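Biologist: Hi, have you got a few minutes to go through this one with me? I'd like to ask about it piece by piece.

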Amino acid sequence: MHTRKSKARVLLALCCLAFSFVAAGCGFTESGKNQLVINTFGDFGYRELYARYQQSHPRLKIVERVVSFDDHHKNLQAHLLGGSGTGDIEAVEGGYMAQFKAMADKFVDFRDYGADPHQWLPWKAQQATSADGKLIGLGTDVGGLAMCYRRDLFAQAGLPTDRDEVAALWPDWRSYIATGKRFKANAPKDVAWFDSGSNVFNAIIGQATVGYTDSDNKVVVASNPAVKQAFDLAVEAVRAGESAKLTTFSQQWNAGFQQGSFATVACPAWMTDTIKQNAPQTSGKWDIATIPGGSGNWGVPFDRTEKEQASEGSR
């Protein structure tokens, strides 16, 4: 609970910072209010923050547009290349930052609006800093990794439910896959070991010293052995029949939490709120253990598009 409350305070501070200098460039609703469009993927849990900000800024209307994870990033790429269609603020998953940093000229530099990169951990600020020093995104969290699991489903499959005992099951990812095979042997009908192969892959990448790009922002996907290792492990687990085969942030994925379709999910800090928002009826059934490999990070920054800044003078 302490983590969730701390995260909420950080998110409120970041959202207020972004909104305060974006609002002047918003569109207008029929009622004459400024309109701020925020494009995200999945449920970021910001509705309360939107309501609180609109209450203190009555001339502002916030419109959140939510689409699936893959479609969101594809749409952002297409809209930036086409020169129209972006929101005022766009959420970007950390793994996509190298792609969009190459298009830094299409985003504003948050430093011009008072943002201080030193407000964030150095690596987090660097994640959203272009080669020429432009800060194109504000980190919403650092996404420390753990593993969330359903204690009731573990018990039904004959696995331990105590956090420390559960963590001892998977000191590494091969042990996690092996435990998944044990789970499957006695699991409730139609319950998978984990939600999505892509989430396993992303969690393993989140533990690598170097992921998709190196410290010079050079794309190293094809040559980085950490990427191949993450891919091979995720594929191995999927082929073993351990995945629910859900697309992350899709409606089917959301429903998977509600229906108990999987027993574990790679759990960066923000995922706890996703579970809470999507499946409140499962409260008390989830617990958190150490991630295979011990630690890692899977976070997400926010970006604001240059197109919206450029249009301010005509609005």
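Biologist: At what angle do helix α9 and helix α10 pack?
Modeller: Happy to help! Before the answer, note that this is a predicted model, where local features need pLDDT of at least 70, side-chain atom pairs count only at pLDDT 80 or more, and totals for chains, interfaces and linings use all residues. Residues are numbered from 1 along each chain as its sequence is written, and side-chain values use heavy atoms, with hydrogens and water left out. Now the helices: α9 (residues 197–205) and α10 (residues 225–239) pack at about 150 degrees, and their axes are 9 Å apart. That makes α9 roughly antiparallel to α10 (angles under 35 degrees count as roughly parallel, over 145 as roughly antiparallel, 65 to 115 as roughly perpendicular and the rest as oblique).

Biologist: How do you get the axes and the elements themselves?
Modeller: Axes are lines fitted to C-alpha atoms, for helices over the stretch in contact, and angles run from 0 to 180 degrees between N-to-C directions. Helices (H or I, at least four residues) and strands (E, at least two) are DSSP runs, numbered from the N terminus.

Biologist: Which residue of α9 can I look at along with valine 227?
Modeller: Try isoleucine 205, which is in helix α9. Its C-alpha is 6.5 Å from that of valine 227, with their positions 22 residues apart in sequence. Isoleucine 205 is buried at 11% relative accessible area (buried means under 20%, exposed over 50%, partly exposed in between, with a 1.4 Å probe and protein chains only). Asparagine 202 also sits in helix α9 and is buried, at 16%. Asparagine 202 and phenylalanine 231 are 9.1 Å apart, C-alpha to C-alpha, and 29 residues apart in sequence.

Biologist: Let's switch to charges. How many salt bridges does the structure hold?
Modeller: The structure holds seven, where a salt bridge is a side-chain nitrogen of Lys or Arg within 4 Å of a carboxyl oxygen of Asp or Glu.

Biologist: Which residue does aspartate 287 form a salt bridge with?
Modeller: Its partner is arginine 163, and the closest N and O atoms are 2.4 Å apart. Aspartate 287 lies in strand β9 (residues 286–289) and arginine 163 in helix α7 (residues 163–169), so this pair ties together parts that are 124 residues apart in sequence. Aspartate 287 is buried at 12% relative accessibility, whereas arginine 163 is partly exposed at 47%.

Biologist: And what network are those two linked in?
Modeller: A network of salt bridges that links Arg151, Arg163 and Asp287.

Biologist: What about glutamate 48, which side chain does it meet?
Modeller: Glutamate 48 meets arginine 52 in a salt bridge, at 3.9 Å from N to O. They are four residues apart in helix α2 (residues 47–56), so about one helical turn separates them. Glutamate 48 is exposed at 56% relative accessibility, and arginine 52 is partly exposed at 40%.

Biologist: Is aspartate 109 buried or exposed?
Modeller: Aspartate 109 is buried, with 9% relative accessibility. Its side chain meets that of arginine 111 in a salt bridge of 2.7 Å, N to O, and arginine 111 is partly exposed at 41%.

Biologist: New topic: backbone. What phi does aspartate 190 have?
Modeller: Aspartate 190 has a positive phi of about 65 degrees, although it is not a glycine. For background, most residues other than glycine have a negative phi. Aspartate 190 is in the loop between α8 (173–186) and β7 (192–194) and is exposed, at 67%. Phenylalanine 249 also has a positive phi, about 70 degrees. It is in the loop between α10 and α11 (251–259) and is buried, at 8%.

Biologist: Last one, the surface. Which residues make the nonpolar surface patch?
Modeller: Leu121, Trp123 and Val142 make a patch of about 270 Å². Patches are made of residues with over 30% relative accessible area and no salt bridge: like charges are joined within 9 Å, and nonpolar side chains (Val, Leu, Ile, Met, Phe, Trp, Tyr) within 5 Å. Accessible areas come from the Shrake-Rupley method with a 1.4 Å probe, and for residues only the protein chains shown count as cover. Valine 142 is in the loop between β5 (137–139) and β6 (145–150) and is partly exposed, with a relative accessible area of 38%.
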